[in-house]
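Q: Hi! Could you walk me through a structure, starting with pockets and then moving on to salt bridges?

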Amino acid sequence: MIGYTFSSPDEKDIMQARLDGFSLSRLKPYHRWETFSATARSLWDIYVSQLGPSRLRRVALRYLNRIELPLPFEDFGEYLTFVPDIPDGLPDAMSDFFLHLEIPDDPEESQAMILLNGTIIKDEAGDATLLPILLDIDIFQPFDTDVDQEAVWATLDVLRARKNAVFMACTTQKLRELIS
């Protein structure tokens, strides 16, 4: 055994406490960052006091965004900037795609790595008037330092700001208005 999984009474918050790491996930309905980070911080404090980790190797945030695009539409570019570009000479129709990018962040912003994935979610039982898309933003910063509580939270705040910038860069104003 390498760890345990714990759930809140409503099963919306899920914590993993492992010998090699800590993670907290939130399922719908989502809270504001301030609520989520307060929960994470209190659970992190318990994790540190009980398991006493000595080194911090990685700090990360991951957001799995299910975005439902209204059908029909002419071009993914109406909603997303992170889409495949079909080469000239091929049919314009697309039935599926998967994109994966690994982007070292701007060193003036952070020392993070951005992993960006996008794909169509296959949902045969779903609404035929919507096309569900997954926009997966994983942003992390490698560390090799003693556990420093304040450094963790300062880094998470920077990563969250960068994640928001990545989301804005991957989406159009039309999509942001649709989901707000």
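A: Happy to; here are some notes on pockets and salt bridges.

A: This is a predicted model, where local features need pLDDT of at least 70, side-chain atom pairs count only at pLDDT 80 or more, and totals for chains, interfaces and linings use all residues. Residues are numbered from 1 along each chain as its sequence is written, and side-chain values use heavy atoms, without hydrogens and water.

Q: Thanks! How much space lies in the largest pocket?

A: About 1,900 Å³. A pocket here is an open set of points on a 1 Å grid over the protein atoms alone, where a 1.4 Å probe fits, with protein on both sides within 12 Å along at least five of seven lines. The volume is the space filled by probe spheres set on the points, which are joined across faces, edges and corners.

Q: Which residues lie nearest its centre?

A: L24, F36, L61, R62 and Y63, out of 48 that line the largest pocket; lining residues have an atom within 4 Å of a point.

Q: Switching topic, how many salt bridges are there?

A: The whole structure has 13, each a side-chain nitrogen of Lys or Arg within 4 Å of a carboxyl oxygen of Asp or Glu. One of them pairs R41 with E150, with the closest N and O atoms 2.8 Å apart.

Q: And what is the N to O distance for R57 and D144?

A: 2.5 Å.

Q: Which residues share a network with those two?

A: R55 and D146: salt bridges with shared partners join R55, R57, D144 and D146 into one network.
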